[in-house]
Amino acid sequence: MKVVIIGAGLGGLSAAIHLASAGVQVTVLEQNATIGGKMNSLAADGFTWDTGPSVITMRHVFEALFAHAGRHLADYVQLQPVEPLTRYFYPDGARLDASPDLRQMIAQIAQIDARDIEGYLQFLAYAARVHRITGPVFIYNEPPTLASCWRVPPTDFLKAGVLQTLQRRIQRYVRSPHLQQLLGRYATYVGASPYAAPATLSVIAHVELAGGVWYPRDGVYALAQGMARLAQELGVQIETDCPVQQIVTRHERVCAVVTQDGRRVEADAVVANVDVTTVYDTLLPHTASVVRRLVKLKKQQVSGSGFVLMLGVEKVHADLLHHNILFSRDYRCEFDDIFQRGIPPRDPTIYINITSKTDRQHAPPGCENWFVLVNAPPIGDRFDWHTQAAYYGDRVLETIARFGFDVRGHIRSRHMLTPLDIARQSGAWRGALYGLSAHGRFSALRRPHNRCSDVAGLYFAGGATHPGGGTPLVTLSGQVAANMILRDMGGSIQRLP
Ligand SMILES: Cc1cc2nc3c(=O)[nH]c(=O)nc-3n(C[C@H](O)[C@H](O)[C@H](O)COP(=O)(O)OP(=O)(O)OC[C@H]3O[C@@H](n4cnc5c(N)ncnc54)[C@H](O)[C@@H]3O)c2cc1C
């Protein structure tokens, strides 16, 4: 059996590792010059930046992936805990260092509002319960079905808060606006607003606040490189600079793909590690059923995108840590800008990641490598990134300066990623970082399935399919797609972690 995987993002690499471990012949065709997709790296002027993910959670997912292939994660990537998790700066001057260490966290909360200590502990217990209840149905297994949902007692679903928004649920536990903003921020880990996303997203708070955040030594990109190395050791062929132009079908079943240079690569099955809407729009032949599905997909709300500045800063800031958040004054208005008005937030919450705090070689002596990320709307007609990105970048730097970190006269190197770049570099539909929107009570049920229902032999892995976006989830999605192929083709099934 031969499987072609389109895209060497984490979902594609994970599918490749699982299939190759089962003895399948696998070829990965990647359009970019490098593997990794959104997880990538940039070096310039003596600085190195990770250009995509910087917060790695759910370490056990990556450990299970390597263990499945009979290897140890630590032999490929050294994951080190990041502690404190994040330093939060508020516009009123308050600060909080979030930590998975309860004693530390309680001490921090006591400085903000001691009355919230009890509520925070209750929130953590609630988030752990959501993980226990929803994990088997919505995260760690194949896409949810009516049967798998029925197996969960209805009272459990109610306990998980499926009918409430995340913000509502948080307000039930903590009263301080500072802590509410901190906990609500976890919705943005899947490009959503806490005011519209279901309370079940508190599962993200659980995996970070209870499980911790990990930083791969030498940079987050080392994780993608480790996965690619493992895939290649298992016999996977990875071809970069190789855009796929078309998925070829015969009697509504995949039989090959054609690359941009006209080469036809035969396949018994294809895994598209590309946004599902993009696959329907640009790679599949437009049969009646494909067009019908595409029309439906295009009508769906998509997740948020991001605006990134990568700065080589000629200064060292003792007050900043590896992960930092500078919160906006009005969180609701920020999400209204993004999701109602379709513009980047006028007063944004700003994330600053400085890996040179941990990896000194990522910046020259006396300097820091800043990765600055702001939530942004998916590409639309209300904001023109072509003409306004540089100006918006300056506004972001102005806001950072208001928090006491004015780097405007100290920038040796400046690079930018807009939603347009993200769409072009990864195939993300409208530049959405996490596929379809997580807003609404039933968003997890609306997510496109890993097995394409319109074209036999086509499977999906990555952030736009089940179980969702973010590095651990796309890694799981590759396993789900691989399992489906093995089952459909009569191969052996692998257990999910
Ligand atoms: C700025 C930013 C910050 C983020 N921060 C975090 C974070 O802190 N933590 C976290 O967990 N996640 C984060 N994410 C999300 C995370 O990066 C993604 O969910 C994950 O990496 C996506 O993996 P994927 O499998 O969907 O593939 P992608 O990374 O989307 O890769 C898809 C691959 O397919 C290739 N491709 C597309 N079309 C074709 C074609 N026609 N032919 C050949 N190849 C093709 C692309 O070039 C790309 O390499 C962030 C993302 C971004 C952009």
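The exchange below takes up a few features of this predicted model and asks what each description rests on.

User: What makes β6 and β7 a pair of strands, and in which sense do they run?

Analyst: Two strands pair if DSSP finds at least two bridges between them. Strand β6 (residues 86-89) and strand β7 (residues 95-98) have four bridges in the antiparallel sense, so they count as a pair. Within this pairing Phe-89 stands opposite Arg-95 in β7, and in the hairpin, with five residues between the strands, Gly-93 takes a positive phi near 95°.

User: How do you know that β6 also pairs with β15?

Analyst: The same requirement of at least two bridges applies, and β6 and strand β15 (residues 323-326) share three bridges, here in the parallel sense, so this is a pair as well. Tyr-88 stands opposite Ile-325 in β15.

User: Why is Val-270 said to be in contact with Val-4?

Analyst: Contact requires C-beta atoms, placed from the backbone, within 7 Å. Val-4 is listed among the contacts of Val-270 beyond four places in sequence, together with others including Ile-6, Ile-247 and Leu-458, and therefore the C-beta atoms of Val-270 and Val-4 lie within 7 Å. Val-270 is also one of the residues, with Ala-16 and Leu-201, that touch the most other members of the largest nonpolar core, which has 152 residues. Helix α17 (residues 471-488) gives the most to this core, with nine residues.

User: Which residues come nearest the ligand, and how does the shell around the ligand divide?

Analyst: Of the 35 residues around the ligand, Gly-7, Gly-9, Gly-11, Gly-37 and Gly-462 come nearest. The shell divides into 15 nonpolar, 18 polar and two charged residues; Gly counts as polar, so these five nearest residues belong to the polar group.

Conventions. Residues numbered from 1 in each chain as written. Predicted model: local features only at pLDDT ≥ 70, side-chain atom pairs only at ≥ 80, totals over all residues. Core = buried A, V, L, I, M, F, W, Y, C linked by C-beta atoms within 7 Å. Buried ≥ 20, exposed ≤ 12 C-beta atoms within 10 Å, placed from the backbone. Helix = DSSP H or I, 4+ residues; strand = E, 2+ residues; numbered from the N terminus. Contact = placed C-beta atoms within 7 Å. Near = placed C-beta within 6 Å.
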